[in-house]
Amino acid sequence: MNSLEFSRRYARLILLSWTIPPIFGLSFLLFIKMFTPTQMWEILSHPLEPLFILTTLLGAVAYFHYRVRPVRKYLERPSAPTAEHALAYTRLFPLEYWGVFIFYLLMAPSSVIISAQWYSDFVALPVDWFRIHLVALIVSIIVGLPIFYRILDLFGDAYSKIHLQSVQVSLKAKIFLLGALIPLLIDTMLVQYFWTRTGYFTLETFGIWLLLELLAIAGTMTFVTSFSRSLAPLQTILERSPTLSSMDTASLIVRSTDEIGVLTCGYRGLLNDMRIQSEIIHTSNRILSGIGKHITFAEIASSILRTCDEAIPGGMSFLLLHKPEDKTLIGVAHTGVEYNPHGHYQLALTENALSVRAFNSRKTIAIDDAMHDPRVNKSIIHRFDVATALATPLIVDGQSIGVLITSYKEGGHIYSVRDIDIIEGLAHEAALALHTQMMYEHHQVMEAEMRIATSVFRDTQEAIMVTDAEAKILRVNQAFTMITGYSQDEVIGKRPSILSSGRHDQAFYQHLWNKLLEDGVWEGEVWNRRKDGLVYPEWLNISASLDETGKAVHYIGIFTDITEKKRTEEEIFRLAHYDEVTELPNRVLFNDHLGQSLKQASRHGHQVAVLFVDLDHFKQINDTMGHAAGDKLLLQVANRIKECVRKEDTVARQGGDEFILILNEVKGAEGAAAVAGTLIQRLRQPFELEGSEVFISSSIGISIYPNDATDEESLLKNADAAMYRAKENGRSNYQFFTREMNESAMARFRLEARLRRALERNEFIPYYQPQVNIQDGTLAGVEVLLRWKNDENGEVAPDDFIKIAEDSGEIIPITRWLIDVACRDFQSWLNADIKPGQIAFNLTSRHLRQTDFADEVAGVMQKYGLRPHQIEFEITEGMLIEGAAMDVKLCADLKQLGTGLALDDFGTGYSSLSYLKRFPIDTVKIDKSFIRDLGTDADDTAIISAILAMGKSLNLRVIAEGVETEAQLGFLREHGCYYIQGFYYAQPMSHDAFMQWAQTWSSKF
């Protein structure tokens, strides 16, 4: 029953109490002819009597509606305080009800008589006052008493969920009203009738008497029904008590608030208690008997929760266990959910939660209003929709091991003393069962661990030695025998010093024992001696076994032979820190040495020099003699470098043909220069390699700490930059780092970054410079030159970016684009009836390493319909020197394709004649450096004459580059050079400018 239903029924009964008596009483007065119908009409049609009835009705309803607030408050929010307040009001209700009702009955006759005298011709005699009051009394008994019983029944319905422990309305009072007032009612009616009538029995008298008797019987039936509702639960319990289940007793709603209701609650509770106690004992016995017979925590938890649910039906039970290592309570199971050892949720022992409070206080806590109680965790309330809760700690030997909780989703359940006793009893048995199971499982674990320990001791590959507190050996395992060679019988009773190798002094063992006594454990590397005298390294761990007082009773030593491990570690360290070819430190170890050197130099104020050594033309050795020969040469170079430095200096191999040196405590730039000069001279001396003498040179860059940099990375970078400057200055020399080098390197870096985006931004432009046959004035060919213009740098000189493009690899896509665009332009010239002869492209060493370069060229020729003899590729002598073996193959591929091959910058290399014999050269181009001083420099004149003669004898076409004057042209014509390229005829031009120039030039011939 809710508050709204109670208020509705209660108001209806109060309304009946105050409306039926006037209707019934006035009708009775009319029936006994005390008033005539006219007089009755006068009474009811004037305002006095209706106003009295209405006023008293509203007053009674308002008064009793106000007074019943404790009951409504309990129904709205059931809890122990609200229930106690409501029951206290119920004890006062009969007195209040009858007091107000009697006052109403005393006033009602007066209002009737006054109204009759005021508004009719009725004159009241003393006997009339008596007769009207007697009618009021009769009506109150006939009508008011049954309604009063109905109100008491309503209170019983409202308190059906409360376990009554005291009487609210005395049963004696109810029986008195039923047994004494009803006969009195009947007698009073008869006497009243005979007094007011003739004094003898007539048909009219009989009719009145029969009507009053029927009303009395109806009232009596109301009383009987009320008593039947009170006695029904008790009767059911008495008839079926041996077979009543928990659900049966829970369904028996006690609606009586008298001694019968209290007796029923007590008897029902007693039966439940007996059954629950029996179930608790049964559960406990079953759990205890199951321990050791594979019963699990899941089964124990399930039994506990099932018994708890049966003890207080309709609720939800929770089991939480303490997890000491985390200082938390974990919810391992609850109604309808299986056991989870890891917990469905967990609560820290510092949280403000009901279960935590019960656990810490080791007391049962009941909460009748969980939503508004600060002792309940709100997240748990919302998660499980908890309205009321009872938390009982599981206690063993005075310590809490968990908490058992029962709760309800709906409000209204008040936890009684009986509920608390049952749950505490169950919690005690549950704690005992859980603790016993824990002890059993702990014992099982200990036995398993003992078996494992025995197996490990016997079968492990690590040697184990157990001594007593005096360090005398008590026991060893098989691995000990295998490692040391000593059997157990040979070492029992002796000290571990039997294994001593003599490598450790007394201080080492003293430190070992001090550490062991202080911390209870020692671990480290020890060198011991086997029985056969062989010394070996072992990794030893010693730990002390303590008794309850903290005193060591045993020492356990576990060790492993780490001979192979140390050998492997040394090999791994060597591979990680030393170069495999030269056995020199590699970059990793070098960086470590450099860092240590700089720290020492900073501490003592010394200087440190870093030398970056690069072998010149080492690639030629690998290409011509193979990588195996190259590795042998690197080893010889490493040995010579080490001979040139001191023992405290460091020599490392950077990779490839690069070496790095650290000169510690160097005496300024002079000292570093002396070492660099010695290195250059020693490396110039011939090397013996596969029966032949091999010559190489070296380029060295030098940076000095702290003048050039103060950190490792900057020193290396600066030395590297200086080394490149040495190469640019002709190789086989050394250079010191300068600030200008760093600025140049940064400029080169920015230019390279811009270069990588230049192609996609269309910043490259092909330029064309014609080659003229001076015999007939025709075009002999066109050399394609690359120009670069961008918004940031403007026009960049080819000398500034071609080398960068080659080093970065960007030259490959750029050249691929240039060949495609130039061949397209060449085709457009042919379509315009211009005959440019050949179109020549410059190649770099990067192109010569492309295995598919010839195929790409063939694809472009097919795309634009060009013939192979219309294309020529120019390579330099330097390219041939750096990569002869690879160049031979590419040159052969190009010749097989049918294209021409020209040797550019002829005369500036080292072995021009030998390379002309080895490579299929078609054209030789005289470098412009020889043309510049032609006629004034006798050597240049002789060289050009020799080149022309050689070209004629070898049937090669010779082109002179850089022709700018008439005198230069005349000399070349006189000596038989007929192909000219230079500003004398035309500068490099764009596509449109070249077409215009070519058309003009062709018109002259």
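A salt bridge is counted here when a side-chain nitrogen of Lys or Arg lies within 4 Å of a carboxyl oxygen of Asp or Glu. Good morning, colleagues. The structure before you is a predicted model, and I shall use that criterion to discuss several of its charged pairs.

Let me begin with the overall picture. The chain has 1005 residues, and 48% of them are buried. Its secondary structure comprises 35 helices and 27 strands. Among contacts with a separation of 6 or more, 64% are between residues 24 or more positions apart. The exposed area of the chain is about 49600 Å², and carbon and sulfur atoms contribute 56% of that area.

I turn now to the charged side chains. How many salt bridges does the criterion give? The count is 27. I have selected three pairs and one network for today.

The opening pair is Arg 754 with Glu 763. Their closest N and O atoms are 3.0 Å apart, so the pair satisfies the 4 Å limit. Are these two partners buried or exposed? Arg 754 has a relative accessible area of 17% and is buried. Glu 763 is also buried, at 9% relative accessibility. Both values count as buried because the cut-off is under 20%.

The next pair lies within a helix. Arg 725 and Glu 728 form a salt bridge with an N to O distance of 3.6 Å. Where do the two residues sit relative to one another? Both belong to helix α23, which covers residues 712-728, and they are 3 residues apart, so about one helical turn separates them. As for accessibility, Arg 725 is partly exposed at 26%, whereas Glu 728 is exposed, with a relative accessible area of 60%.

The remaining pair consists of Arg 824 and Asp 825, whose side chains meet in a salt bridge at 3.9 Å, N to O. That distance still qualifies because the limit is 4 Å. Here the partners fall into separate accessibility classes: Asp 825 is buried, with a relative accessibility of 7%, while Arg 824 is partly exposed at 42%.

Besides these pairs, there is a network to consider. Which residues does it join? Asp 614, Asp 616, Lys 727 and Arg 731 are linked into one network by salt bridges that share partners.

To recapitulate the pairs, Arg 754 and Glu 763 are both buried. Arg 725 is partly exposed and Glu 728 is exposed. Finally, Asp 825 is buried and Arg 824 is partly exposed. Thank you for your attention.

Note on methods: Residues numbered from 1 in each chain as written. Predicted model: local features only at pLDDT ≥ 70, side-chain atom pairs only at ≥ 80, totals over all residues. Heavy atoms only, no water. Helix = DSSP H or I, 4+ residues; strand = E, 2+ residues; numbered from the N terminus. Buried < 20%, exposed > 50% of the residue type's maximum accessible area, 1.4 Å probe, protein only. Contact = heavy atoms within 4.5 Å. Areas by Shrake-Rupley, 256 points an atom, 1.4 Å probe, with all protein chains shown as cover.
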